[in-house]
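Open the model in your viewer and keep the selection tool at hand. The tour below moves from stop to stop.

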Amino acid sequence: MSDVVYDRREVRRARYAVAAVFAVHGAVTGSFATRVPWIQEHASVGAGQLGLALAFPALGASVAMPLAGRISHRFGARNALRGLIALWTLSLILPSLAPNLLALCVALFVYGASAGMADVAMNALGVEIENRLGRSIMSGLHGLWSAGALIGSAAGTLAAHLGSDARLHHALAAAVLTVLGLAACTWVLDIQPADDEEPPPRFALPPKSALLIGAVGFCAVFAEGASLDWSAVYLRDRLDSSAGLAAACTTGFTLTMAIARLVGDKVVDRFGSVYTVRVGGVLAALGGLLVVVAGHPAVAMAGFALMGLGIAVVVPLCFAAAGRSGPNPSLAIAGVATITYTSGLVAPSAIGGLAQVTSLTVSFGLVTVLACGLVAFAGVLRAGDRDRPKLSAETAAAASPRP
């Protein structure tokens, strides 16, 4: 990309703008998730058919994410993000319009494809801003994504409680979020490719560096997907907890992750990516062990909370490392994103399948083993720390907030 110098005010403003885009992206996800029961009823699909349909967002994302780099090269980072975030927010309307299984699968494929491309574009810009600031911001950006998802989920819960038609709810939400997303994109950095820079391929296998970094992200997202989808079931079936307490466990896990991401940048700046992920892996493995041996709901809830704390910053750091791992940041980020999306797709079904053959306790034993993988393989993130630009005193003064 072209080496354009931005002053302190532009970089600060771009950081807040990208943070707003992350929150908008998360709000779309939260808005959709709360209305899945309405969408299922409207499309007249059973539980098994719904499970099939819900695989299509990840499939669409995996297919489309490599295109994000090509789009950014063609139109520039700002215009690309503007178009992709609008495509993502407006795609929220599609699933609620689907009258049958086939239409729902197509709608969710488009929904996932637009989500994945916007995801790659905003993470690539986040890494660029992080490099220019010379300090970690990716954890906080993903924390704001979680905050946006919680806000979207809360609004969706209210709409469902009021008996609102999801088509109306999602149309209004899409309109509001599109306006907010486009407004935020006005102030992101307008990164343009260098004159002699070759456009990235439309489709390509992820580089080797992305595969290694993605393996770390796979372990974290597997634990996240397993905990989100199965923690309540674990407390109810394994520990005979009430429905309210079981739901509170899932909520606690989500809140722990969001809070840890919002404060994670300070930890990363102090200790570095590798040390942070290794300590996080220890906490996640300890949490998994508590879940496995728990004889009381409080012990299991503490275990899930520790897992949320341990894995919270791993995916943001994987994106950051991918963006600094080679000459084509968008392609590397797309590769890591594809691996993490795949992990999120397979984790819930893998936990359920293993539990069917053995037990949920054994399933979370697998989660614990994968958490240990964070400790073992965190070193692949070291390149990201090593390659992060060190700012001169003049540049740092220009990029930092005024005291």
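Is serine 44 buried or exposed? Select serine 44 and show the surface. Serine 44 counts as exposed, because its relative accessibility is 62% and the cut-off for exposed is over 50%. Now look at the backbone. Serine 44 sits in the loop between α2 (36–43) and α3 (47–53). Its phi is near 55°, a positive value in a residue other than glycine. Keep in mind that this is a predicted model.

**The whole chain**

Zoom out and colour by secondary structure. The protein has 19 helices and zero strands. Of its 403 residues, 51% are buried. Turn on contacts. Among those with a separation of 6 or more, 86% join residues 24 or more positions apart. Then show the surface. The accessible surface is about 17,000 Å², and carbon and sulfur atoms hold 68% of that area.

**Arginine 74**

Select arginine 74, in helix α5 (residues 67–75). Arginine 74 is exposed, since its relative accessible area is 59% and over 50% counts as exposed. Add glutamine 192 to the selection. The two residues lie 118 residues apart in sequence, yet their C-alpha atoms are 8.8 Å apart in space.

**Helix α11 against α17**

Select helix α11 (residues 208–239) and helix α17 (residues 360–377). Their axes come within 10 Å and cross at roughly 155°. Angles over 145 degrees count as roughly antiparallel, so α11 and α17 are roughly antiparallel to each other. The crossing is left-handed. Show side chains at the contact. From α11, look for residues including Phe222, Trp230 and Tyr234. From α17, residues including Phe364, Leu370 and Phe377 take part. By class, this contact has 16 nonpolar, two polar and one charged residues.

**Helix α11 against α15**

Keep α11 and add helix α15 (residues 314–323). Which way do α11 and α15 run relative to each other? Their axes cross at roughly 165° and come within 9 Å. They are therefore roughly antiparallel to each other. This crossing, too, is left-handed. Ile213, Val216, Gly217, Ala220 and Val221 of α11 make the contact with Val314, Val315, Cys318, Ala321 and Ala322 of α15. Those residues divide into nine nonpolar, one polar and no charged. Val216 and Ala220 also appear in the contact of α11 with α17.

**The loop after α11**

Follow the chain into the loop between α11 and α12 (243–271). Select aspartate 240, which is found there. Its phi is near 55°, a positive value in a residue other than glycine. Aspartate 240 is exposed, because its relative accessible area is 68% and the cut-off is over 50%.

**Helix α13 against α17**

Return to α17 and add helix α13 (residues 273–293). How do α13 and α17 cross? The crossing is left-handed, at roughly 165°, and the axes come within 7 Å. The two helices are therefore roughly antiparallel to each other. Select the residues that meet. In α13 they include Arg278, Gly281, Ala285 and Leu289. In α17 they include Thr361, Phe364, Gly365 and Ala371. The contact has 12 nonpolar, five polar and one charged residues. Thr361 and Phe364 are also in the contact of α17 with α11.

**Last view**

Show α11, α13, α15 and α17 together. Helix α17 meets α13 and also α11, while α11 meets α15 as well.

Notes
Residues are numbered from 1 along each chain as its sequence is written. This is a predicted model: local features need pLDDT of at least 70, side-chain atom pairs count only at pLDDT 80 or more; totals for chains, interfaces and linings use all residues. Side-chain values use heavy atoms; hydrogens and water are left out. Helices (H or I, at least four residues) and strands (E, at least two) are DSSP runs, numbered from the N terminus. Buried means under 20% relative accessible area, exposed over 50%, partly exposed in between (1.4 Å probe, protein chains only). Contact means heavy atoms within 4.5 Å. Accessible areas come from the Shrake-Rupley method with a 1.4 Å probe; for residues, only the protein chains shown count as cover. Axes are lines fitted to C-alpha atoms, for helices over the stretch in contact, and angles run from 0 to 180 degrees between N-to-C directions. Angles under 35 degrees count as roughly parallel, over 145 as roughly antiparallel, 65 to 115 as roughly perpendicular and the rest as oblique. A crossing is left-handed if the near helix is turned anticlockwise from the far one by less than a right angle, and right-handed if clockwise. Ala, Val, Leu, Ile, Met, Phe, Trp, Tyr, Cys and Pro count as nonpolar, Asp, Glu, Lys and Arg as charged, and the others, Gly among them, as polar.
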